[in-house]
Amino acid sequence: QAQQVPDLPGNKRHVTFFATASTETQDPTWTLRRFDNAALAFDGQEDYVKVAHSPVLQPVRLSVEAWVKAGEMPVDYPRYVVAKGADGCHRAAYAIYTSGNGGLSFYVSVGDSYVESPVADAGLWDGAWHHVVGTYDRVAVRLYVDGVEVGEGVASKLPIAYPAFTFKNLYIGDYDGDSAVCENLANFPGAIDDVRIWNRALTAAEVAERAAGY
């Protein structure tokens with residue numbers, strides 16, 4: 001269906017655009033990727049995709065994967081590619097998002113704070129598709145862009161603080177998109193495709209293979 005994104009791995013976490021299954025002005029739109037028109041374009045203002053909370057989306061060790069494309073990135077507020085859960089407008093349980101300089105990073109929340117990967121340069125936003133993966137294996141938080149690790153992993157052994165979050169849904173293209181408090185400031189202005197949440201940390205070799213294989 002046009003208003004539904006299927007969950008291909010078989011966990012039946014199918015999602016609908018914006019807040020309902022109906023067509024709304026805030027829905028993201030279908031756009032072209034390399035071989036098909038199955039990617040989604042977000043306007044950076046209100047569009048998002050919401051995935052209902054499930055324990056499947058809260059692995060102990062994980063990888064968050066996506067293909068992204070955007071032009072020049074606004075630096076007024078962080079913009080979220082993927083975000084799981086929300087603590088007010090402060091942090092997610094895990095997220096891929098843009099940093100203060102418009103670059104890209106990945107973080108996981110531990111305790112009452114979070115551990116963030118090194119930041120990819122804002123040159124990533126050149127209007128072309130890029131493969132991005134954030135991983136956490138309870139050894140280090142890492143970010144990969146186009147199959148290459150950005151810097152070196154930031155050490156952490158603590159568990160992800162899933163129980164600390166009042167809001168637990170996962171968002172694509174936004175952070176806590178239902179919250180009026182956050183005022184839709186975190187919306188991603190670009191295209192996103194093939195979002196995957198893995199229940200393990202992909203190895204560097206696996207990330208490089210996936211970046212080259214599609």
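Trainee: Which strand does S6 join over six bridges?
Mentor: This is a predicted model, and in it S6 runs antiparallel to its partner. The six bridges lead to a strand covering residues 191-198. That partner is S16.

Trainee: And which strand pairs with S6 over seven bridges?
Mentor: The sense is antiparallel here too, as S6 and its partner pair that way over seven bridges. Val64 helps you find the place, since it stands opposite Gly134 of that partner. The strand is S11.

Trainee: Which residue of S16 does Val64 stand opposite?
Mentor: Start from Val64, which faces Gly134 in S11. Then look at the pairing of S6 with S16, which runs antiparallel. Val64 stands opposite a residue there, and that residue is Ile197.

Trainee: How many of the eight residues of S6 are buried?
Mentor: S6 has partners in S11 and S16. The strand is largely enclosed by the rest of the structure, because most of its eight residues are buried. The count is seven.

Trainee: Is Ala66 buried or exposed?
Mentor: Ala66 lies in strand S6. Its relative accessibility is 0%, and buried means under 20%. So Ala66 counts as buried.

Trainee: What separates the C-alpha atoms of Ala66 and Asp193?
Mentor: Along the chain, Ala66 and Asp193 are 127 residues apart. Ala66 sits in S6, and S6 is joined to S16, residues 191-198. In space, the two C-alpha atoms are separated by 6.0 Å.

Trainee: Which residues have the most contacts inside the largest nonpolar core?
Mentor: That core has 38 residues. Strands that each supply at least two of them include S6, S7 (80-86), S8 (94-98) and S9. The residues with the most contacts inside the core are Val81, Tyr94, Phe106 and Val108.

Trainee: How many residues are in the other core, the one with Tyr97 and Ala186?
Mentor: This core lies apart from the largest one. Among its members are Tyr97, Tyr107, Tyr175 and Ala186. The total is nine residues.

Trainee: How many aromatic pairs does the whole structure hold, and what kind is the one between Tyr48 and Tyr171?
Mentor: A search of the whole structure turns up seven aromatic pairs. For Tyr48 and Tyr171, the ring centres are 5.3 Å apart and the planes meet at 75°. Planes over 60 degrees apart count as edge-to-face, so this pair is edge-to-face.

Trainee: How far apart along the chain are Tyr48 and Tyr171?
Mentor: Tyr48 is in the loop between S4 (39-41) and S5 (49-51), while Tyr171 belongs to S15 (residues 167-172). Tyr48 is buried at 1% relative accessibility, and Tyr171 is buried at 4%. The pair links distant parts of the chain, 123 residues apart.

Trainee: What kind of aromatic pair do Tyr107 and Tyr114 form?
Mentor: Tyr107 is buried, with a relative accessible area of 1%, whereas Tyr114 is partly exposed at 37%. Their centres lie 4.9 Å apart, with 45° between the planes. That makes the pair tilted.

Trainee: Which residues form one aromatic cluster with Tyr107 and Tyr114?
Mentor: Tyr107 and Tyr114 already make a pair. Tyr107 is also in the core of nine residues, along with Tyr97 and Tyr175. The cluster is completed by Tyr80, Tyr97 and Tyr175.

Trainee: Which residue takes a positive phi in the hairpin of S9 and S10?
Mentor: S9 (residues 104-110) and S10 (residues 113-116) pair in the antiparallel sense over four bridges, with Ser109 opposite Tyr114. Two residues lie between the strands. The one with phi near 60° is Gly111.

Trainee: What is the phi of Asp146?
Mentor: Asp146 is found in the loop between S12 and S13 (148-149). With a relative accessible area of 36%, Asp146 is partly exposed. Although Asp146 is not a glycine, its phi is positive, at about 55°.

Trainee: How much space lies in the second largest pocket?
Mentor: The pocket is lined by 13 residues, with Pro78, Tyr80, Cys89, Tyr175 and Ala186 nearest its centre. The lining divides into eleven nonpolar, one polar and one charged. The space in this pocket is about 230 Å³.

Key: Residues numbered from 1 in each chain as written. Predicted model: local features only at pLDDT ≥ 70, side-chain atom pairs only at ≥ 80, totals over all residues. Heavy atoms only, no water. Pairing = 2+ DSSP bridges. Phe/Tyr/Trp six-rings, centres within 6.5 Å; stacked < 30°, edge-to-face > 60°. Buried < 20%, exposed > 50% of the residue type's maximum accessible area, 1.4 Å probe, protein only. Core = buried A, V, L, I, M, F, W, Y, C linked by side-chain atoms within 4.5 Å. 1 Å grid on protein atoms, 1.4 Å probe; cavity = no way out; pocket = protein on both sides within 12 Å on 5 of 7 lines; lining within 4 Å. Points joined across faces, edges and corners; volume = space filled by probe spheres on them. Nonpolar A, V, L, I, M, F, W, Y, C, P; charged D, E, K, R; others polar.
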